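Student: I've got a model open and I'd like to work through it with you. Can we start with the cysteines and then move on to the backbone and the helices?

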Amino acid sequence: MDFGLVLQADPPASAVVSLMRRAERNGFRYGWTFDSAVLWQEPFVIYSRILDHTERLIVGPMVTNPSTRTPEVTASTFATLNEMYGNRTVCGIGRGDSAMRVAGRPPNTLARLGEAIGVIRDLAEGRPADVGGHRVQIPWIQNGKLPVWMGAYGPKALAMAGELADGFILQLADPFLTEWMVKAVRQAAADAGRDPAEVTICVAAPAYVGDDLDHARAQCRWFGGMVGNHVADLVARYGEHSDLVPAELTEYIKAREGYDYAQHGRAGSPHADFVPDAVIDRFCLLGPVAAHRERLEQLRALGVDQFAVYAMHDAKESTIDAYGAELIPAFA
């Protein structure tokens, strides 16, 4: 199992670079950031600095979208980083929740997202692609490689990830929901004539190493609020009691009243007060090292290839170090 570190691109950018360097020293293989142009600093500028100050770390957004950055711009940006640093990037992509809504626009349609996955990958790897009815090819790319991983929750999105993407990003670490969603992605891959094993499975969630569970929950409760945005979209599309979406995912948002994107992904956010402790315990990895090890073993048994640690709390350094000392060596 690989491990990744997920950060917000908050200023100062030098702190993000420093934490990514720390992660690489501790055995993390991937470095991810959020990508919302209004809320945080420009991640691709920071990626260049991270790549320049690390040797092996693979970097990318969790996740970008096909509207705030058009596919040809996204492809060229990744290809430039790869030319400079040797194919050490991965494109995480989704419909665009915070990036689009904070700018007053709805998330992208699945149709637009599905088209963008192929266009970005083809262009970034030097192949021609159709962009708005025009045949486009980036002429200077040689030996480019860009895996495109798709974030998804709902049935249609999970099917698209299995059909089109190189990897699937699931932003929660509940074993039951992970099993359900991984099965859906792999079935879709098989139905599309692909080898399901070729779709990389990445689970991303807050991880907080420490004995004070109440404090850890308070630091990670925001995550249930963030996931609740996507769940609310699913309920609006499929209904509150749909056979297509497990109740284990949808039940907890009944008390949800709204969401303030100014507090997106931040500890102590009041819009996450509705999230019960039980959901935080299911969605996140909290507690002593032994508890993390037990959950990671469950996820690995379900076919998870990477666990990406959301370190958006007050124990970033100690959690990175604990994973490097006691968990990453056990799962390498």
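Student: Let's go. Is cysteine 220 buried or exposed?

Tutor: Keep in mind that this is a predicted model. Buried means under 20% relative accessible area. Cysteine 220 has a relative accessible area of 0%, so the word for cysteine 220 is buried.

Student: Which cysteine has the nearest sulfur to that of cysteine 220, and how far away is it?

Tutor: A disulfide needs two cysteine sulfur atoms within 2.5 Å. Cysteine 220 is in no disulfide. The nearest sulfur belongs to cysteine 284, at 5.1 Å.

Student: And why does cysteine 202 have no bond to cysteine 91?

Tutor: Cysteine 202 is buried too, at 0% relative accessibility. Its closest cysteine sulfur is the one in cysteine 91, but that is too far for a bond because the gap is 13 Å.

Student: How many disulfides does the structure hold, then?

Tutor: We've just been through cysteine 202, too far from cysteine 91 for a bond, and cysteine 220, which is in no disulfide. For the structure, the number of disulfides is 0.

Student: On to the backbone. Which peptide bond is cis in the loop between strand E1 and helix H1?

Tutor: Most peptide bonds are trans. The loop between E1 (2-7) and H1 (13-25) is the place of proline 12. With omega near 0°, the cis bond there runs from proline 11 to proline 12.

Student: Which residues does the cis bond with omega of about 0° join around valine 63?

Tutor: Valine 63 sits in the loop between strand E3 (58-61) and helix H3 (71-85). The cis peptide bond joins valine 63 and methionine 62.

Student: What about asparagine 87: what is its phi?

Tutor: Most residues other than glycine have a negative phi. Asparagine 87, in the loop between H3 and strand E4 (91-93), is partly exposed at 32% relative accessible area. Its phi is positive, near 50°.

Student: Is asparagine 143 buried or exposed?

Tutor: You'll find asparagine 143 in the loop between strand E6 (134-136) and strand E7 (148-151). It has a positive phi of about 60° although it isn't a glycine. Exposed means over 50%. At 74% relative accessible area, asparagine 143 is exposed.

Student: Now the helices. How are H5 and H6 oriented to each other?

Tutor: H5 (residues 110-124) and H6 (residues 155-164) pack at an angle of about 20°, with their axes 11 Å apart. Angles under 35 degrees count as roughly parallel. So H5 and H6 are roughly parallel.

Student: How many nonpolar residues are in the contact of H5 with H6?

Tutor: From H5 come Leu110, Gly114, Ile117 and Arg121, and they meet Lys156, Ala157, Met160 and Leu164 in H6. By class there are 2 charged residues, 1 polar and, to answer you, nonpolar 5.

Student: And which hand does the crossing of H11 and H12 have?

Tutor: H11 (residues 289-301) and H12 (residues 316-331) pack at about 25°, axes 11 Å apart, and are therefore roughly parallel. Their crossing is right-handed.

Student: How many charged residues does the contact of H11 with H12 have?

Tutor: Val289, His292, Arg293, Leu296, Glu297 and Arg300 in H11 meet Tyr323, Glu326, Leu327, Ala330 and Phe331 in H12. These divide into 6 nonpolar, 1 polar and, for the charged ones, 4.

Methods: Residues are numbered from 1 along each chain as its sequence is written. This is a predicted model: local features need pLDDT of at least 70, side-chain atom pairs count only at pLDDT 80 or more; totals for chains, interfaces and linings use all residues. Side-chain values use heavy atoms; hydrogens and water are left out. Axes are lines fitted to C-alpha atoms, for helices over the stretch in contact, and angles run from 0 to 180 degrees between N-to-C directions. Helices (H or I, at least four residues) and strands (E, at least two) are DSSP runs, numbered from the N terminus. Angles under 35 degrees count as roughly parallel, over 145 as roughly antiparallel, 65 to 115 as roughly perpendicular and the rest as oblique. A crossing is left-handed if the near helix is turned anticlockwise from the far one by less than a right angle, and right-handed if clockwise. Contact means heavy atoms within 4.5 Å. Ala, Val, Leu, Ile, Met, Phe, Trp, Tyr, Cys and Pro count as nonpolar, Asp, Glu, Lys and Arg as charged, and the others, Gly among them, as polar. Buried means under 20% relative accessible area, exposed over 50%, partly exposed in between (1.4 Å probe, protein chains only).
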